[in-house]
Amino acid sequence: MERIQLSAPCLFGLEGILASELRRMGAEDVRPDNGRVDFSGDLNMLCRANLGSRFAERIQIELGRFPAKTFDQLFEGVKRLPWEQWIGKKDAFPVKGWALDSKLFSVPDCQSIVKKAVVERLKQKYGIGWFEETGAVHQIQFSIHKDEAALFLDTSGAGLHKRGYRPAANQAPIRETLAAAMADLAHIRGYSRVYDPMCGSGTLLIESALIALRIAPGLGRHFAAEKWEGISQEIWRSERQRAIGMIIRDNEFEAFGSDIDAHSLELTLENAHRAGVKDRIRVQQRDVRDFVPEGEKGTVLCNPPYGERLLDMKEAEDLYRILGRRFVKKEGWSYYIISPHDQFEQLFGSKADKRRKLYNGMIKCQYYMYFKDGRPAKKSGTVRG
């Protein structure tokens, strides 16, 4: 098959690191955009991105883009696209999407038009008048932005942030893709020692371990396109074997989690076991007020309560002051904290050495980074992993 146009939606702020990740995987023509990264590749790349991307929310096949100011333009544009390359006679093809800043603003009407256009195209290609839609699901997704329509097929099914290791979580868990980005931006490596003194269900620790051990985040789950007839099971098997072959377990990585809540620690260990990294994670019931940066090195990742879903604002602000007292600058130690509070640095007690805008869902946050002498801690010499 020829090169496929692919697209990977992501949380705002992650476009750059997602683009770099896709390039490392071998993707071609990588183009970051707002909230997504477009790229191209073959069927192996489609499978590889699903299995291996830590930052994408899903992997989509882009069928085409065209102007759509009227329903007629939308219908004819959709009908011209090669749906039969992917959708079989018995396959299901539900439609969903969104419209913004466009003349076509009624999403239900647009859904209906897209569905009718795809049906008409497939009727002509297959010579049948009715589709039972009992086969594999090919989710059609459309967007209409500023009068331009874009049509996609979703290959992932459940969002890629659903790794499969976290069936249960605490009250306000961080999204796995965001946790992975925080760990990546903190330069987690195979020699790192990671700490989370408010670990909740352990997502930051687990994503750090997956990065350090080079475990593909999608190895523990399945994807919608695995059931498609147009993608050989041999491709999926070969890409899974490729991902397994990249795992590195002979390194020094360790992670330490603490929390005031004993149930959270139980969740952390359960989730770590499902993720295959329990042997690298230790937990201890402890208040963050008792945290002390002990040892020669450490990387602290922290997602403190925001005062929106957990705690009230005053309690959250008091907590930021406590963190400022406990997270002392020390050679070999660095601290990475995500927060939406505009006055975080003042409450914490010092200006970050670096910061970056990230989104936790729809909440705009800043990722505050503190290093000794303004630099992340590094280990000298050559270290595998």
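Is Arg65 buried, partly exposed or exposed, and what is its relative accessibility? In this predicted model, Arg65 comes out at 37% relative accessibility, which makes it partly exposed. Burial counts as anything under 20% and exposure as anything over 50%, so a value of 37% falls in between. That residue is a handy way into the salt bridges, but the overall picture comes first.

The protein is built from 10 helices and 14 strands. Its C-alpha atoms fit in a box of roughly 70 × 45 × 35 Å along the principal axes. For 385 residues, a compact globule would be expected to have a radius of gyration near 21 Å, and the 23 Å found here agrees with that. Buried residues account for 54% of the 385 residues. As for the outside, the accessible surface adds up to about 17,700 Å², with 48% of it belonging to carbon and sulfur atoms. Contacts that span long stretches of sequence are also part of the story: take the contacts between residues at least 6 apart in sequence, and 76% of them join residues at least 24 apart.

Now for the charges. There are 60 positive and 52 negative side chains, and the centres of these two sets sit 2 Å apart. Salt bridges number 24 in total. One of them brings back Arg65, whose side chain meets that of Glu148 with an N to O distance of 3.7 Å. This pair links distant parts of the chain, with Arg65 in strand E4 and Glu148 in strand E7, 83 residues apart. Like Arg65, which is partly exposed at 37%, Glu148 counts as partly exposed, with a relative accessibility of 38%. The bridge does not stand alone, since Glu62, Arg65 and Glu148 are linked in a network of salt bridges.

A second bridge joins Glu57 to Arg175, and here the closest N and O atoms are 2.9 Å apart. Again distant parts of the chain are linked, this time 118 residues apart: Glu57 belongs to the loop between helix H2 (43-52) and strand E4 (60-67), while Arg175 belongs to the loop between strand E7 (148-154) and helix H5 (176-185). What about the surroundings of the two partners? Glu57 is buried, at a relative accessible area of 9%, whereas Arg175 is partly exposed, at 29%.

A third example pairs Arg282 with Glu254, the closest N and O atoms being 3.0 Å apart. Arg282 lies in strand E10 (residues 281-285) and Glu254 in strand E9 (residues 254-259), so this bridge ties together parts that are 28 residues apart in sequence. With a relative accessible area of 52%, Arg282 is exposed; the cut-off for that label is over 50%, so Arg282 passes.

From the charged pairs, attention turns to two helices, starting with H5. Of its 10 residues, 9 are buried, so H5 is largely enclosed by the rest of the structure. The buried set consists of Glu176, Thr177, Leu178, Ala179, Ala180, Ala181, Met182, Ala183 and Leu185. In an α-helix there are 3.6 residues a turn, so residues three or four places apart point the same way. What do the buried residues of H5 pack against? The partners are helix H1 (15-25), helix H6 (203-212), strand E11 (298-302), strand E12 (333-339), strand E13 (354-360) and strand E14 (363-371). Just past the helix, His187 adopts a positive phi of about 60 degrees.

Thr177 gives a closer look at helix H5, where it is located. Its relative accessible area is 0%, so Thr177 is buried. Setting aside neighbours within four places in sequence, Thr177 is in contact with Leu11, Leu14, Arg54, Phe55, Ala56, Glu57, His161 and Arg163. Among these is Glu57, the residue that forms a salt bridge with Arg175. Tyr195 is 18 residues along the chain from Thr177, and their C-alpha atoms are separated by 18 Å.

Helix H6 is one of the elements that the buried residues of H5 pack against. In H6, 10 of the 10 residues are buried, so this helix too is largely enclosed by the rest of the structure. Thr203, Glu207 and Ser208 are among the buried residues, alongside others including Leu204, Leu205 and Ile206. These buried residues of H6 pack against H5, strand E8 (193-196), E9, helix H8 (262-275), E10 and E11. Just after H6 comes Arg214, with a positive phi of about 55 degrees.

Notes: Residues numbered from 1 in each chain as written. Predicted model: local features only at pLDDT ≥ 70, side-chain atom pairs only at ≥ 80, totals over all residues. Heavy atoms only, no water. Salt bridge = Lys/Arg side-chain N within 4 Å of Asp/Glu carboxyl O. Helix = DSSP H or I, 4+ residues; strand = E, 2+ residues; numbered from the N terminus. Buried < 20%, exposed > 50% of the residue type's maximum accessible area, 1.4 Å probe, protein only. Rg over C-alpha atoms; globule rule 2.2 N^0.38 Å. Contact = heavy atoms within 4.5 Å. Areas by Shrake-Rupley, 256 points an atom, 1.4 Å probe, with all protein chains shown as cover. Lys, Arg positive; Asp, Glu negative; His and termini not counted. Charge placed at Lys NZ, Arg CZ, Asp CG, Glu CD.
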